[in-house]
Amino acid sequence: MLLSTWALDSVAPSNSLIIELLLASFRRHFIKFIGQPVTICLSSRTDAGVHALSNVCHVDVERVSKRKPGEVLPPHEPAVVRKAVNHFLQKEGDIMLTDVQSVPGDFHARFKAQERMYFYRLLNGPELLSIFEKDRAWHVSEELDLVAMQEACKVLVGHHDFSSFRASGCQSKSPFRTLEELSVLEMVSTPHFPSITEREQNGSNEEGTDSFCNKCKTGLPTGSISNDIMAGDSKSGADLGFGIRRRHRCYVITARSRSFLYHQVRLLVGVIKSVGTGDLKVSDVERILNARSVTAASPMAPCTRSLPRTC
């Protein structure tokens with residue numbers, strides 16, 4: 001049975017301990033539902049401090065009658081499994097099932113994985129991060145050049161020797177990896193709660209509730225992100241009023257590959273960020289890649305709860 005999970009990483013001494021604690025919780029609650037011990041296999045492990053947006057795992061389980069021991073029954077419907085297991089998991093809140101699917105008996109979540117994807121968020125601006133964003137993104141106070149970062153990504157996409165982006169202690173036999181995607185996009189910074197001024201500008205008071213709700217249905221923010229209220233706009237020093245904070249510019253770096261080297265994503269992000277701040281040029285990225293030594297790369301990006309997804 002194929003399970004897609006969402007896990008909230010807690011503060012713990014090591015990644016192995018975190019994984020084992022989550023798996024122990026998962027197994028314990030799965031047993032409550034199925035009535036027998038199970039073995040759960042994860043598609044991948046991540047650095048300590050990383051949330052799993054959609055980490056796939058599989059479990060081999062046989063439905064046996066509780067009234068007549070030894071009698072094998074037809075398997076539960078996937079929707080029933082998801083609802084039942086989440087019923088037990090919700091009390092702890094660190095992990096939940098997002099989807100369940102039946103798969104052939106020879107399926108393996110780790111060895112059958114087609115790709116893995118990481119999302120890493122940069123919040124740009126001089127303002128301190130909100131407590132809602134603490135340890136959820138990398139706060140970069142210097143202004144970032146989005147175009148330069150995007151050009152740096154193009155250099156790194158493809159099949160390369162990523163020794164310069166491979167931390168010591170990596171157990172992989174080969175430093176070669178194929179980076180299918182490495183991109184940077186500016187996204188709406190969340191969480192954000194609109195101020196009275198913003199709500200008035202978007203017509204919530206003048207045009208009525210219906211009009212305001214119709215604007216929200218587009219899936220886009222109800223107002224454009226004006227430069228004069230962005231934290232990343234260092235040129236504007238205007239006072240916005242008591243209690244109103246400038247919003248950060250939010251850049252999301254996406255890295256997609258079938259597999260990654262140890263700390264590869266954080267090392268890639270470190271170089272991209274350095275290009276964005278001007279500490280490195282785009283031409284330096286190719287030099288670092290060809291150096292084939294991790295000492296040539298910029299300092300590794302901090303572990304800020306990036307979001308991996310496995311497919």
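The points below go through one helix, the loops around it and a few single residues of this structure, which is a predicted model.

1. Helix α6, residues 264–277, is a reasonable place to begin. Its 14 residues should span 20 Å at 1.5 Å a residue, and the C-alpha atoms at its ends are indeed 20 Å apart, so the expected and the computed span agree. As for its surroundings, 14 of the 14 residues of α6 are buried, and the helix is therefore largely enclosed by the rest of the structure.

2. The loop leading into this helix deserves a look as well, since H263 is found there, between β9 (249–257) and α6. H263 has a phi near 65°, which is a positive value in a residue other than glycine. Most residues other than glycine have a negative phi. H263 is also buried, because its relative accessible area of 14% falls under the 20% cut-off.

3. What value does phi take at G278, just after α6? The backbone there has a positive phi of about 95°.

4. Further along, L280 sits in the loop that joins α6 to α7, the latter covering residues 282–291. Is L280 buried or exposed? With a relative accessibility of 14%, L280 counts as buried, because that value is under 20%. Leaving aside residues up to four places away in sequence, L280 touches V271, S274 and V275, and it also touches R287, I288 and S298. Of these partners, V271, S274 and V275 carry numbers within the range of α6 (264–277), while R287 and I288 carry numbers within that of α7 (282–291). A148 offers another view of the position of L280, for the two residues are 132 residues apart in sequence, yet their C-alpha atoms are 9.8 Å apart in space.

5. In another part of the chain, D135 lies in the loop between β5 and β6, where β6 covers residues 138–140. Its phi is near 65°, again a positive value in a residue other than glycine. D135 counts as partly exposed, because its relative accessibility of 39% lies between the cut-offs of 20% and 50%.

6. One residue in this selection comes with an annotation: UniProt, in an unreviewed entry, lists Y118 under "binding site". Y118 lies in strand β5, which covers residues 116–124. With a relative accessibility of 13%, Y118 counts as buried, because that value is under 20%. The annotation is taken from the record, and it may be inferred rather than shown by experiment.

Definitions and conventions. Residues numbered from 1 in each chain as written. Predicted model: local features only at pLDDT ≥ 70, side-chain atom pairs only at ≥ 80, totals over all residues. Heavy atoms only, no water. Helix = DSSP H or I, 4+ residues; strand = E, 2+ residues; numbered from the N terminus. Buried < 20%, exposed > 50% of the residue type's maximum accessible area, 1.4 Å probe, protein only. Contact = heavy atoms within 4.5 Å. Expected span 1.5 Å × (residues − 1).
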